[in-house]
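Reader: I am new to this structure and would like a close look at a single part of it. Please choose one helix, set it in the context of the chain, and then go on to what surrounds it.

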Amino acid sequence: MLISRSLTSLVLGCSLPFGVLALGGCDRQADPSAQGATTAATAPATAAAQPGKGPDHTNAGTPLPNLSFTDPTGRELALESLAGRPVLINLWATWCAPCVKELPTLEALAGSGAVRVVTVSQDSGDPAKVAAFLKDKGLKRLQPWLDPNNDLAFHYNGGTLPMTVLYDSEGKEVWRFTGENDWSSPETRALLAEAG
C-alpha cells in the first residue's frame, strides 16, 4: 500500500521533501521544466476529466487551521481570519512543475472574485525568491505567503504538491484537491459552488 500511495504521489504532482521524495517526484535542485511536468497530452488537467480523481470530501466541516504565515516583508496572515467568505488555499513550490503550471489559472481565479485565493509556498531558504518568482511570472494577484517549515502540509497530512483546499464562508473545509488542476475551467466553477 505504501508503494501504491507513493506511485500515486509521483503521478499527481510533486512529492514534498518529507514524504515520498526518496522514490522520485520533483527534484528541488532541478530546473522545473525538467521535472516531468504533466502535459495535456499525457494527463487531463481538470477534475472532471480525471476519472476517480478530484475533490476529497473526507475532512469536510473541519475548521480553518490555527496557523499563521508571513510574506517576505514580514506581513502576517492568520488563516482563521479568512472566515467570512469562501477561500481557496493552495500549497505550492517554485521547484514543483505542476504547481508552476497551474499558477496562471489560480491568478485568473483570484481576479474573478469568485473566491479568495491564498497561495502558500512550501519553499525553504531565501524568502525573497518566492516573491521574485511570482513577479517574474507576471502573477500580481497571488501573494507570496511563506511556509518554510511545511506546517500547513503537515496539518493536511499531504505529501504531494500542489494541494488545494476549499473553505466555505464559515471557515469550514469543503474539499481537498491533490494534484494539478485548471482553476479557470467550467468544471472548477462547479466545484467552487460547493462552498455556497
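**A close look at helix α3**

Author: Read along the sequence, the elements of the chain come in the order α-β-β-β-β-α-β-α-β-α-β-β-β-α, which amounts to five helices and nine strands. The model is a predicted one, and the values given here are computed from it. The chain has 196 residues, of which 45% count as buried. Among the contacts with a separation of 6 or more, 72% are made by residues that lie 24 or more positions apart. The surface that the chain exposes comes to about 9,200 Å², and carbon and sulfur atoms supply 54% of that area.

The part chosen for the close look is helix α3, which covers residues 128-136 and whose buried residues are Val130, Phe133 and Leu134. When α3 is viewed down its axis, these buried residues fall within an arc of 95 degrees, so they line one face of the helix. On the face turned away from this buried side, α3 carries the exposed residues Lys135 and Asp136. The helix therefore has buried residues along one face, and exposed residues on the face turned away from them.

What do the buried residues of α3 pack against? Their partners are the strand β4 (87-92), the helix α2 (97-112), the strand β5 (116-121) and the strand β6 (145-146). After the helix comes Gly138, a residue whose phi is positive, near 75 degrees.

A salt bridge also belongs to this part of the chain, since the side chains of Asp123 and Lys129 meet with N and O 3.8 Å apart. The two partners are covered to unlike degrees: Asp123 has a relative accessibility of 4% and counts as buried, while Lys129, with a relative accessible area of 35%, is partly exposed. A search of the whole structure finds five salt bridges, and two others can be set beside the one just described. Asp71 forms a salt bridge with Arg75, in which the closest N and O atoms are 3.0 Å apart; here Asp71 counts as buried at 7% relative accessibility, whereas Arg75 counts as partly exposed at 41%. In the other, the side chains of Glu173 and Arg176 meet at 2.7 Å, N to O, and in this case both Glu173 and Arg176 are buried.

From the helix, the view can be widened to the nonpolar interior. The largest nonpolar core has 44 residues, and those with the most contacts inside it are Leu88, Ile89 and Trp175. Leaving aside its neighbours within four places in sequence, Ile89 is in contact with Leu64, Leu79, Val118, Val120, Leu152, Tyr156, Met163, Thr164, Val165 and Tyr167.

Trp175, named above for its contacts in the core, also takes part in ring pairing. Three aromatic pairs are counted in the structure. In one of them Trp175 and Trp183 are stacked, with 6.1 Å from centre to centre and 10 degrees between the planes. Trp175 counts as buried at 0% relative accessibility, and Trp183 counts as buried at 1%. Another pair joins Phe177 and Trp183, whose ring centres are 5.5 Å apart and whose planes stand at 75 degrees, so this pair is edge-to-face. Phe177, at 0% relative accessibility, counts as buried as well. Through these ring pairs Trp175, Phe177 and Trp183 are linked into a cluster.

A last point concerns another helix, α5, which spans residues 186-192 and contains Leu191. Leu191 counts as buried, with a relative accessibility of 11%. Its C-alpha atom is separated by 9.3 Å from that of Gly54, although the two residues are 137 residues apart along the chain.

To return to the part that was asked about, α3 has Val130, Phe133 and Leu134 as its buried residues, and these pack against β4, α2, β5 and β6, while Lys135 and Asp136 are exposed on the face turned away from the buried side.

Methods
Residues numbered from 1 in each chain as written. Predicted model: local features only at pLDDT ≥ 70, side-chain atom pairs only at ≥ 80, totals over all residues. Heavy atoms only, no water. Buried < 20%, exposed > 50% of the residue type's maximum accessible area, 1.4 Å probe, protein only. Helix = DSSP H or I, 4+ residues; strand = E, 2+ residues; numbered from the N terminus. Arc of directions from axis to C-beta. Contact = heavy atoms within 4.5 Å. Areas by Shrake-Rupley, 256 points an atom, 1.4 Å probe, with all protein chains shown as cover. Salt bridge = Lys/Arg side-chain N within 4 Å of Asp/Glu carboxyl O. Phe/Tyr/Trp six-rings, centres within 6.5 Å; stacked < 30°, edge-to-face > 60°. Core = buried A, V, L, I, M, F, W, Y, C linked by side-chain atoms within 4.5 Å.
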